[in-house]
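The exercises below are meant to be worked through with the sequence and the model side by side. Try each task before reading the solution that follows it.

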Amino acid sequence: MIRIEVDGTPLEVAEGSNLLATCLAAGIYIPNLCYMAESPEPFAGCRLCFVEIQGQPAPVTACTVAVTDGMVVHTATAPVRRLQQSAFRLLVSAHQITADCPAHKRCALQQVARHLQMGLKPKPLERVPRELEIDTSPPCFDLHPARCVLCGKCLRACQERNGSSLLTFARRGIQTVISAQGLSADGQEFTCEGCLACAAVCPVSAITPKADSGHCAGEGQGHADPQAAGS
Amino acid sequence: MENAAGEALTAEEGAILADVARRLAAFDRERANLIPILQTIQNTHGYLAPAVLQLVARHLRLPPSQVYGVATFYNQFRFHPPGRNPIRVCMGTACHVRGGDIILENFERKLEIPEGQTTPDREFSIERVACVGCCALAPVACVGETVHGHMAPSKVEGLILQVRIARERAEREKKDHADS
Ligand code: SF4
Ligand code: FES
Ligand code: FES
């Protein structure tokens with residue numbers, strides 16, 4: 001075990017632990033949307049989990065840092081907040097906000113907003129919510145791309161559990177969307193297992209289980225391994 | 001056979017699928033072959049139909065979503081059959097500065113399709129391209145092989161009409177010819 005200090009609180013942690021996970025476990029909240037403990041590589045795409053580490057010239061993303069002995073961390077300095085607020089502004093400027101959103105009150109975005117003391121429609125950015133249709137074609141869930149914050153958790157959850165992801169990011173740049181293109185339930189090599197791991201992990205309810213998803217027990221064996229399948 | 005939407009295949013789609021299946025046989029089942037395969041199909045057929053992407057995924061033993069993800073990432077791939085008169089609106093630096101986006105928007109509005117798609121009668125498709133090489137004429141749009149410089153929103157409707165009229169005339173002449 002080694003000792004680190006976060007916002008003046010001393011913590012004893014195992015060497016090499018992930019800094020973001022360590023802080024969250026100790027009850028010190030750092031805004032984050034894309035971190036997943038199960039994922040081998042941090043995605044570091046949401047740019048919300050910035051902290052300052054003494055001795056480092058600029059804030060760093062906590063989800064990509066392994067703790068070392070004597071590390072001194074500050075989670076709420078002005079430079080940290082500036083970065084977090086910009087990232088959050090950009091995120092919600094394109095996020096669809098509706099009164100009937102099932103994530104209301106338990107949405108990760110609302111939690112981040114509270115923590116940063118910002119509204120969900122912060123100035124000065126123009127709001128350009130994306131007009132994207134709900135995709136009801138997947139067998140066990142519906143996809144609401146207009147709510148998606150592109151954190152990639154669902155892809156990684158499917159990948160971790162089933163060996164390859166049936167969800168994907170399609171298109172590019174500002175057009176990027178989460179997509180379930182070609183996802184099937186018909187016993188092909190790559191069939192949706194109905195495990196709903198994607199819906200469970202989505203921080204903003206962009207993936208919602210179908211009302212009649214009771215049969216989606218998710219006891220599948222995982223997808224065929226494309227490598228092992230050989231030729 | 002059915003296409004991805006579960007509709008019966010048109011003869012055209014069926015022919016494409018058969019040709020793609022034949023071409024796929026020449027490629028090893030390696031994911032590194034994904035882009036060369038997509039390029040070959042696009043070069044021969046002008047676009048990638050959903051059923052074609054499924055076939056490619058099957059061949060490479062990749063989840064269909066991953067094939068779709070790669071294909072949609074690159075601008076060079078189209079997902080709709082090209083129109084007889086493809087419209088290419090230049091979005092290069094010079095044309096951008098001179099309001100190329102307004103020209104594009106006008107084409108989209110007049111033809112009632114977004115960029116990347118084809119009108120239902122297959123007459124027009126719209127694409128955005130980078131510099132066509134005649135920046136002095138910015139903003140530029142190409143209809144088929146013809147380059148139109150100094151584009152203005154007011155010229156868009158005229159260009160579309162020209163094509164439609166030329167087509168109607170050609171059809172009438174063909175008909176007269178057949179009648180006589
Ligand atoms: S659907 Fe949800 S989990 Fe998947 S990328 Fe979008 S926000 Fe993240
Ligand atoms: S949690 Fe670290 S960048 Fe998203
Ligand atoms: S930028 Fe349009 S022709 Fe060069």
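How many salt bridges are there over all chains? The model is a predicted one, and the count over all chains comes to 14 salt bridges. The exercises that follow look at some of these and then turn to rings, to a helix and to a ligand.

**Exercise 1. Describe the fold of chain B in outline.**

Step 1. Begin with the elements: chain B has 7 helices and 4 strands, and read along the sequence they follow the pattern α-α-α-α-β-α-α-β-β-β-α.

Step 2. Turn to the dimensions, where the C-alpha trace of chain B spans about 50 × 50 × 25 Å along its principal axes.

Step 3. Consider burial and contacts together: of the 180 residues of chain B, 42% count as buried, and among the contacts between residues at least 6 apart in sequence, 61% join residues at least 24 apart.

**Exercise 2. Examine the salt bridge between B:Arg23 and B:Asp19, and say where its two residues lie.**

Step 1. Recall the general idea that side chains of opposite charge can pair when their charged atoms come close.

Step 2. Check the distance: the closest N and O atoms of B:Arg23 and B:Asp19 are 2.7 Å apart, which is within the 4 Å that a salt bridge requires.

Step 3. Locate the residues, which both belong to helix H1 (residues 11–24) of chain B and stand 4 residues apart, about one turn of the helix. In general, an α-helix has 3.6 residues a turn, so residues three or four places apart point the same way.

Step 4. Compare the accessibility values with the 20% cut-off for burial. B:Asp19 counts as buried because its relative accessibility is 10%, whereas B:Arg23, at 32%, counts as partly exposed.

**Exercise 3. Trace the network that contains B:Arg84, B:Glu123, B:Arg167 and B:Glu171.**

Step 1. Start with B:Glu123 and B:Arg84, whose side chains meet in a salt bridge with an N to O distance of 3.0 Å. This pair links distant parts of the chain, 39 residues apart: B:Glu123 is in the loop between helix H6 (100–111) and strand E2 (124–129) of chain B, while B:Arg84 is in the loop between H4 and E1 of chain B.

Step 2. Add the accessibilities: B:Glu123 is buried, with a relative accessible area of 5%, and B:Arg84 counts as partly exposed at 45%.

Step 3. Move to B:Arg167 and B:Glu171, which form a salt bridge of 3.2 Å, N to O. Because they are 4 residues apart in helix H7 (residues 153–179) of chain B, about one helical turn separates them. B:Arg167 is partly exposed, with a relative accessible area of 33%, and B:Glu171 is also partly exposed, at 41%.

Step 4. Put the parts together: salt bridges that share partners join B:Arg84, B:Glu123, B:Arg167 and B:Glu171 into one network.

**Exercise 4. Classify two of the aromatic pairs by the angle between their planes.**

Step 1. Note the total, which is 3 aromatic pairs over all chains.

Step 2. Take B:Tyr68 and B:Phe79, with 6.3 Å centre to centre and 50° between the planes, which make a tilted pair. B:Tyr68 is in helix H4 (residues 64–73) of chain B and B:Phe79 in the loop between H4 and strand E1 (85–90) of chain B, 11 residues apart. B:Tyr68 counts as buried at 15% relative accessibility, while B:Phe79 is partly exposed at 25%.

Step 3. Take B:Tyr74 and B:Phe77, with 6.4 Å between centres and 85° between planes, which make an edge-to-face pair. B:Phe77 is buried at 5% relative accessibility, and B:Tyr74 is partly exposed at 33%.

Step 4. Widen the view: ring pairs link B:Phe73, B:Tyr74 and B:Phe77 into a cluster, and the charged end of A:Arg172 sits over the ring of B:Phe73, 5.3 Å from its centre.

**Exercise 5. Find what covers H4(B), then describe the surroundings of ligand 1.**

Step 1. Count the buried residues of H4(B), which number 8 of 10 and include B:Tyr68, B:Gly69 and B:Ala71.

Step 2. Identify their packing partners, which are strand E7 (168–170) and strand E8 (177–179) of chain A together with helix H2 (34–45) and helix H3 (50–60) of chain B.

Step 3. For ligand 1, the nearest of the 13 residues around it are A:Cys148, A:Cys151, A:Gly152, A:Cys154 and A:Cys202, and the shell divides into 11 nonpolar, 1 polar and 1 charged.

Terms used: Residues are numbered from 1 along each chain as its sequence is written. Chains are lettered from A and ligands numbered from 1 in the order in which they are written. This is a predicted model: local features need pLDDT of at least 70, side-chain atom pairs count only at pLDDT 80 or more; totals for chains, interfaces and linings use all residues. Side-chain values use heavy atoms; hydrogens and water are left out. Rings of Phe, Tyr and Trp (its six-membered ring) pair if their centres lie within 6.5 Å; planes under 30 degrees apart count as stacked, over 60 as edge-to-face and the rest as tilted. Helices (H or I, at least four residues) and strands (E, at least two) are DSSP runs, numbered from the N terminus. Buried means under 20% relative accessible area, exposed over 50%, partly exposed in between (1.4 Å probe, protein chains only). A charge sits over a ring if NZ of Lys or CZ of Arg is within 6 Å of the ring centre and within 35 degrees of the ring normal. A residue is near a molecule or strand if one of its heavy atoms lies within 4 Å of it. Ala, Val, Leu, Ile, Met, Phe, Trp, Tyr, Cys and Pro count as nonpolar, Asp, Glu, Lys and Arg as charged, and the others, Gly among them, as polar. Contact means heavy atoms within 4.5 Å.
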